[in-house]
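Got a fold on the screen and wondering where all the labels come from? Let's take them one at a time.

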Amino acid sequence: MEKLTVKTKKRNELIDITKPVKKVIESLGVENGICVLFCPHTTASLTINEAFDPSVMGDIIFSLDKISPDYPEFRHMEGNSDSHVKSSLLGCSLNLIIKDGKIMLGQWQGIFFAEFDGPRTREVFVQVVKA
Ligand code: ZN
């Protein structure tokens, strides 16, 4: 298993990790298989979405803030329940198809680390299984 380190700078932030994920797959020399990405954090997530226009990422963060505001009724002592909810909405793992040494993403897609309680130093676990 490989690990990626992601340093986040804002409380809510989506960071494009497509290039570092591609580097890991290339370094392993896997031509065909499956790549599992796993985020071992409770206030962060992984997602795939448009990497071309950065305003899409801003709109996703804006929408998640509307879906999961910081309600005063929350009971979690740490005061970051909105971050936990956002993390569960997007999920903690992704499965990627590797074909001919490349990740099979759509033309506009990128892989994003989603931070909801930053800034922090985070990890992403990468497990590649050869087909
Ligand atoms: Zn918490």
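What follows is a run of short questions and answers about this predicted model.

Q: Why is Phe-113 called buried?
A: Buried means under 20% relative accessible area. Phe-113 has 0%, so it counts as buried. You'll find Phe-113 in strand β7. As for its surroundings, the C-alpha atoms of Phe-113 and Asn-49 are 11 Å apart, with their places 64 residues apart along the chain.

Q: And why is Ile-34 called partly exposed?
A: The label covers what falls between buried, under 20%, and exposed, over 50%. Ile-34 comes in at 36% relative accessibility, so partly exposed it is. Ile-34 belongs to strand β3.

Q: What makes the nonpolar surface patch?
A: Ile-34, Ile-97, Met-104 and Val-129 make it, over about 360 Å². To join a patch, a residue needs over 30% relative accessible area, and Ile-34, at 36%, therefore clears that bar.

Q: What makes up the largest nonpolar core, and which residues touch the most other members?
A: This core has 22 residues, and Ile-17, Val-21 and Leu-37 touch the most other members. Two or more residues come from each of β1 (2–7), α1 (18–28), β3 (33–38), β4 (44–50), β5 (93–99), β7 (109–115) and β8 (121–130). Another core lies apart from it, with nine residues, including Met-57, Ile-60, Ala-114 and Phe-116.

Q: Which residues is Val-21 in contact with, leaving aside neighbours within four places in sequence?
A: Contact takes heavy atoms within 4.5 Å. Val-21 has such contacts with Leu-4, Leu-37, Leu-96, Ile-103 and Ile-111.

Q: How do you know that side chains alternate along β5?
A: Look at which face each one points to. Leu-94, Leu-96 and Ile-98 point to one face and are buried, whereas Ser-93, Asn-95, Ile-97 and Lys-99 point to the other and are not.

Q: What is the strand order in the open sheet, and why are β1 and β6 at its edges?
A: The five strands run β1-β8-β3-β5-β6, with antiparallel pairing. β1 and β6 (102–103) each have a single partner strand, so one side of each has no neighbour in the sheet.

Q: How do you know that β1 and β8 pair?
A: Pairing takes at least two bridges. β1 and β8 have six, in the antiparallel sense, so they pair. One of the residue matches is Lys-3 with Phe-125 in β8.

Q: What about β3, on the way through the sheet?
A: β3 is joined to β5 by six bridges, running antiparallel, and β3 also pairs with β8 over six bridges, again antiparallel. Phe-38 shows both sides: Ser-93 in β5 stands opposite Phe-38, and Phe-125 in β8 is a bridge partner of Phe-38.

Q: How many bridges do β5 and β6 have, and what lies between them?
A: They have two bridges, in the antiparallel sense. At least two are needed, so β5 and β6 count as a pair. Lys-99 has Lys-102 in β6 as its bridge partner. The two strands form a hairpin with two residues between them, and Asp-100 in the turn has a positive phi of about 55°.

Q: Which residues of helix α3 are buried, and what do they pack against?
A: In α3 (residues 81–90), Ser-81, Asp-82, Ser-83, Lys-86 and Ser-87 are buried. The buried residues of α3 pack against β4 and α2 (55–67). Just after α3 comes Gly-91, with a positive phi of about 95°.

Methods: Residues numbered from 1 in each chain as written. Predicted model: local features only at pLDDT ≥ 70, side-chain atom pairs only at ≥ 80, totals over all residues. Heavy atoms only, no water. Core = buried A, V, L, I, M, F, W, Y, C linked by side-chain atoms within 4.5 Å. Buried < 20%, exposed > 50% of the residue type's maximum accessible area, 1.4 Å probe, protein only. Helix = DSSP H or I, 4+ residues; strand = E, 2+ residues; numbered from the N terminus. Patch = residues over 30% accessible without salt bridge, like charges linked within 9 Å, V, L, I, M, F, W, Y side chains within 5 Å. Areas by Shrake-Rupley, 256 points an atom, 1.4 Å probe, with all protein chains shown as cover. Salt bridge = Lys/Arg side-chain N within 4 Å of Asp/Glu carboxyl O.
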